[in-house]
Amino acid sequence: MRASRLLIPTQKETPADADVPSHQFMLRAGLIRKVASGMYTWLPVGLMVMRNVEAIIRQEMQRSGGQELIMPVVQPRELWEESGRWEKMGSEMMRMQDRHERDFCMGPTHEEVITDLFRNTIHSYKQLPCNLYQIQTKFRDEIRPRYGVMRAREFTMKDGYSFDLDQDAFDETFDEMHKAYSRILERVGVKFRAVEADSGNIGGAKSFEFHVLADTGEDSIAFSDTSDYAANIEKAEAIAPLPDESEKLRHREMVATPGQKTIESVSKFLEVDKSRSMKTLIVEGEDRLVALILRGDHVLNEIKAQNLPGITSPLTFAQEARINAELGCGVGSLGPVNLNIRIIVDYSAAAAANFVCGANEDGQHFTGVNWARDVSQYETADLRNVLDGDPSPDGSGVLQIKRGIEVGHIFQLGTLYSAAMKASIQDKDGKSIAPIMGCYGMGVTRLVAAVIEQSHDARGIIWPMSIAPFKVHILALNYTKSDQVRRAADLLYKNCQDVNLPVLLDDRPERPGIKFADADLLGIPLRVTLGERTLSDNQVEFETRAGKDKQLVAVDAILETLSQAC
């Protein structure tokens with residue numbers, strides 16, 4: 001492709017509303033343009049990258065036995081009511097009516113549609129296993145779209161669904177899809193980790209997320225420094241510490257703490273470490289209020305909390321007016337002693353002795369509190385986020401915390417959808433059973449952004465060879481003014497095309513500085529610069545975008561050099 005004929009609206013300045021490198025460079029390099037909040041047009045160069053990612057996904061899905069289809073973006077309410085998710089999905093799902101006032105939604109995902117297809121198409125165990133997928137537009141009405149295509153409302157996603165006769169067959173399918181996702185990300189060229197995760201609105205017993213490691217990732221992932229254990233911080237288990245039985249128990253005392261309502265202020269006022277102060281969080285239960293108790297230096301994991309029996313989901317913190325009315329004091333003075341509601345104590349908090357907590361009277365706190373003696377009725381659970389340096393749940397090493405961008409998620413659905421929607425098959429004995437399902441999602445547009453987050457420098461994008469829009473970028477300096485440069489550039493351009501090397505020829509009448517800046521911004525892996533000075537010595541300049549040293553290569557050897565570098 002010739003740059004003079006390609007729509008590449010590059011920008012010198014960074015847009016003010018672009019917060020992360022991928023958003024900045026995708027706008028500046030002319031890959032995308034914003035249409036509305038969380039909605040983007042993909043321009044030719046950006047679309048080339050996306051199609052290259054899709055090609056890798058299709059190859060690996062085919063290798064794993066997947067069959068591609070396409071399902072409608074707009075879905076009828078009736079299917080979602082069968083699964084029980086019409087209301088559960090909440091405001092993130094965009095609902096609408098047609099001219100006949102029938103309810104539909106813009107598909108955020110396709111479990112219902114694929115299950116409906118299965119129950120109307122497949123009836124015998126002889127047709128299993130069945131693994132179907134699509135690469136298609138999704139729409140989720142994010143409350144706050146941000147970070148460009150990483151957190152958009154409209155996006156392209158690969159979603160796949162498997163159906164198996166029994167658990168053993170499903171385990172094989174699930175394991176193969178785990179391997180397929182790993183192969184995809186390896187071929188795309190990113191550093192990633194697969195981690196245990198919460199299943200969220202999709203549901204199911206177990207799931208794994210695939211995260212591209214990047215400092216700008218929205219998720220925190222925890223992994224052992226000596227084993228294969230890895231989990232999203234929402235799922236990572238905080239191991240219960242052993243209580244220090246050597247510590248002598250003190251007497252409980254009530255002390256005045258006027259105006260002190262936070263862990264920081266109370267700890268400072270009483271001159272104790274935050275780990276010795278307990279915070280009491282009041283949340284809504286299914287029947288009444290529930291108190292969650294954590295050490296002052298720990299952070300509540302809301303996903304863990306809302307998954308506990310009897311806690312409302314999503315987790316809802318009680319309003320202060322209700323707390324005052326039912327418990328008799330404000331939020332800053334709450335504690336577990338004589339608290340007449342259900343109490344759930346985090347494992348680490350339950351191991352503490354002689355701690356500080358609110359006295360359930362405004363402006364008063366207890367010191368020297370101990371669990372068995374002062375609080376008899378309570379439960380224990382894992383309520384907190386793990387921390388860097390915590391012991392790994394598998395007993396090997398300690399945890400490290402890194403940021404990650406979730407680009408894939410695979411779920412073990414069991415019969416959650418097939419049973420609810422009465423999808424059944426006949427087994428070899430003629431018995432009707434619900435098939436075991438799996439769900440496998442990968443964000444195509446998000447993966448493009450994640451690659452940039454992991455692979456860029458101050459000047460622009462550095463594309464991995466596997467998904468680059470072009471493999472070779474020919475910079476022809478003074479192309480419109482120099483016959484020598486034009487002839488050499490056109491010949492190299494033709495030779496690259498003849499051997500199927502995707503190539504971009506910058507034949508624009510621009511200054512060399514602009515061409516070099518745009519080349520850095522676009523991030524094409526291999527660059528050949530042609531100028532009159534080097535051509536007079538029958539040489540061209542060759543370099544890689546990844547930063548290897550420039551070298552002069554003979555004109556008649558450059559094609560072989562490029563082919564070997566690819």
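Which helix holds aspartate 168? Aspartate 168 sits in helix 5, which covers residues 167-188. The model is predicted. Aspartate 168 counts as exposed because its relative accessible area is 59%, over the 50% cut-off. Together with Asp166, Asp171 and Glu172, Asp168 forms a negative surface patch.

**Overall build**

The protein has 566 residues, and 51% of them count as buried. Its secondary structure comes to 16 helices and 30 strands. Along the principal axes, the C-alpha atoms fill a box of roughly 95 × 70 × 50 Å. Among contacts with a separation of 6 or more, 68% join residues 24 or more positions apart. The accessible surface is about 26100 Å². Carbon and sulfur atoms account for 47% of that surface. The protein carries 66 positive and 82 negative charges. The mean positions of these two sets are 5 Å apart.

**Salt bridges**

Side chains of opposite charge can pair when their charged atoms come close. The count here comes to 44 salt bridges. Three of them are listed below.

| Acidic residue | Basic residue | N to O distance |
|---|---|---|
| Glutamate 284 | Arginine 322 | 2.4 Å |
| Aspartate 374 | Arginine 373 | 2.9 Å |
| Aspartate 520 | Arginine 527 | 2.6 Å |

Glutamate 284 and arginine 322 meet in a salt bridge. This pair links distant parts of the chain, with the two positions 38 residues apart in numbering. Glutamate 284 belongs to strand 14 (residues 278-284), while arginine 322 belongs to helix 8. Glutamate 284 is buried, with a relative accessible area of 18%. Arginine 322 is partly exposed at 28% relative accessibility.

In the second pair, arginine 373 is partly exposed, with a relative accessible area of 42%. Its partner, aspartate 374, counts as buried because its relative accessibility is 13%, under the 20% cut-off.

In the third pair, both aspartate 520 and arginine 527 are buried. The two also take part in a network of salt bridges, which includes Asp457, Arg459, Glu543 and Arg545 as well.

**Helix 14 and its surroundings**

Aspartate 520 is one of the buried residues of helix 14 (residues 512-522). The others are Lys515, Asp518, Ala519, Leu521 and Leu522. What do the buried residues of helix 14 pack against? On the helical side, the partners are helix 1 (21-28) and helix 2 (44-63). The strand partners are strand 25 (460-461), strand 26 (472-476), strand 27 (503-506) and strand 28 (526-530). Just after helix 14, glycine 523 takes a positive phi of about 75°.

**Backbone details in loops**

Two cis peptide bonds deserve a look. One runs from leucine 128 to proline 129, with omega near 0°. Proline 129 lies in the loop between helix 4 (111-121) and strand 7 (130-139). Another cis bond runs from serine 313 to proline 314, also with omega near 0°. Proline 314 lies in the loop between helix 7 (302-306) and helix 8 (320-327).

Which phi does glutamate 101 have? The value is positive, about 65°, although glutamate 101 is not a glycine. Glutamate 101 is placed in the loop between strand 5 (95-97) and strand 6 (103-106). Glutamate 101 is exposed, with a relative accessible area of 63%.

Asparagine 538 is not a glycine either, yet has a positive phi of about 60°. Asparagine 538 is found in the loop between helix 15 (532-535) and strand 29 (539-544). At 44% relative accessibility, asparagine 538 counts as partly exposed.

Note on methods
Residues are numbered from 1 along each chain as its sequence is written. This is a predicted model: local features need pLDDT of at least 70, side-chain atom pairs count only at pLDDT 80 or more; totals for chains, interfaces and linings use all residues. Side-chain values use heavy atoms; hydrogens and water are left out. Patches are made of residues with over 30% relative accessible area and no salt bridge: like charges are joined within 9 Å, nonpolar side chains (Val, Leu, Ile, Met, Phe, Trp, Tyr) within 5 Å. Accessible areas come from the Shrake-Rupley method with a 1.4 Å probe; for residues, only the protein chains shown count as cover. A salt bridge is a side-chain nitrogen of Lys or Arg within 4 Å of a carboxyl oxygen of Asp or Glu. Lys and Arg count as positive and Asp and Glu as negative; His and the chain ends are not counted. The place of a charge is taken as NZ of Lys, CZ of Arg, CG of Asp or CD of Glu. Helices (H or I, at least four residues) and strands (E, at least two) are DSSP runs, numbered from the N terminus. Buried means under 20% relative accessible area, exposed over 50%, partly exposed in between (1.4 Å probe, protein chains only). Contact means heavy atoms within 4.5 Å.
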